[in-house]
Amino acid sequence: MPRYEYRCRPCGSAFELNRPMAESSAPAVCPQGHEDTVKLLSTVAVGGSATAPAPKGGGGGGGGCCGGGCCG
């Protein structure tokens, strides 16, 4: 279930709620009970590599347990 971040306007506290995407825009009540809250925009960090490393030893690859590099 997605997690959304909100900020309470009266007390300034930030808090998170896990809720279905269909309810992401529904009003949220802060932990102190205030109803005047706003949903914050969140950024998503994505790491990783877009390319696969070349097989060691110049082998032709071929899948296997590790891309054919060690299962020779």
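Is Glu16 buried, partly exposed or exposed? I started my notes there, and I found Glu16 partly exposed, with a relative accessible area of 44%. A reminder to myself before going on: this is a predicted model.

**Entry 1: salt bridges**

I searched the whole structure and came away with two salt bridges. In one of them, Glu16 pairs with Arg3, and the closest N and O atoms are 3.1 Å apart. I placed Glu16 in strand 2 and Arg3 in strand 1, so this pair ties together parts that lie 13 residues apart in sequence. Arg3 is exposed, and I noted its relative accessible area as 53%.

I then turned to Asp36, whose side chain meets that of Arg9 in a salt bridge at 3.8 Å, N to O. This pair links distant parts of the chain, 27 residues apart: Asp36 sits in the loop between strand 2 and strand 3, and Arg9 in the loop between strand 1 and strand 2. Asp36 is partly exposed at 38% relative accessible area, while Arg9 is exposed at 55%.

**Entry 2: a buried arginine**

Next I looked up Arg19, in the loop between strand 2 (14–18) and strand 3 (37–39). What is the nearest side chain of opposite charge to Arg19? I found Glu23, 4.7 Å away; Arg19 is buried yet has no salt bridge. A salt bridge needs the atoms within 4 Å, so I could not count this pair. The Arg19 side chain does make a polar contact with the side chain of Tyr6, at 3.1 Å. Setting aside residues up to four places away in sequence, I listed what Arg19 touches, including Met1, Pro2, Tyr4, Ala26 and Pro27.

**Entry 3: Tyr6 and the core**

Tyr6 led me on to the largest nonpolar core, which has six residues: Tyr4, Tyr6, Cys8, Phe15, Ala28 and Cys30. Strand 1 (residues 3–8) gives the largest share of this core, three residues. Beyond its neighbours within four places in sequence, I saw Tyr6 in contact with Phe15, Leu17, Ala28, Val38 and Leu40, among others.

**Entry 4: cysteines**

How many disulfides are there? My count came to zero. For Cys11, the nearest cysteine sulfur is that of Cys8, 3.4 Å away, and Cys11 is in no disulfide. Cys30 is in no disulfide either, with the sulfur of Cys8 nearest at 3.6 Å. The cut-off is 2.5 Å, so neither pair made my list. I also checked accessibility: Cys11 is partly exposed at 37%, whereas Cys30 is buried at 4%.

Note on methods. Residues are numbered from 1 along each chain as its sequence is written. This is a predicted model: local features need pLDDT of at least 70, side-chain atom pairs count only at pLDDT 80 or more; totals for chains, interfaces and linings use all residues. Side-chain values use heavy atoms; hydrogens and water are left out. Helices (H or I, at least four residues) and strands (E, at least two) are DSSP runs, numbered from the N terminus. Buried means under 20% relative accessible area, exposed over 50%, partly exposed in between (1.4 Å probe, protein chains only). Lys and Arg count as positive and Asp and Glu as negative; His and the chain ends are not counted. A polar contact is a pair of N or O atoms within 3.5 Å; within protein, one must be able to donate a hydrogen and the other to accept it, and residues adjacent in sequence count only if both atoms are side-chain atoms. Contact means heavy atoms within 4.5 Å. A nonpolar core is a set of buried Ala, Val, Leu, Ile, Met, Phe, Trp, Tyr and Cys residues joined through side-chain atoms within 4.5 Å.
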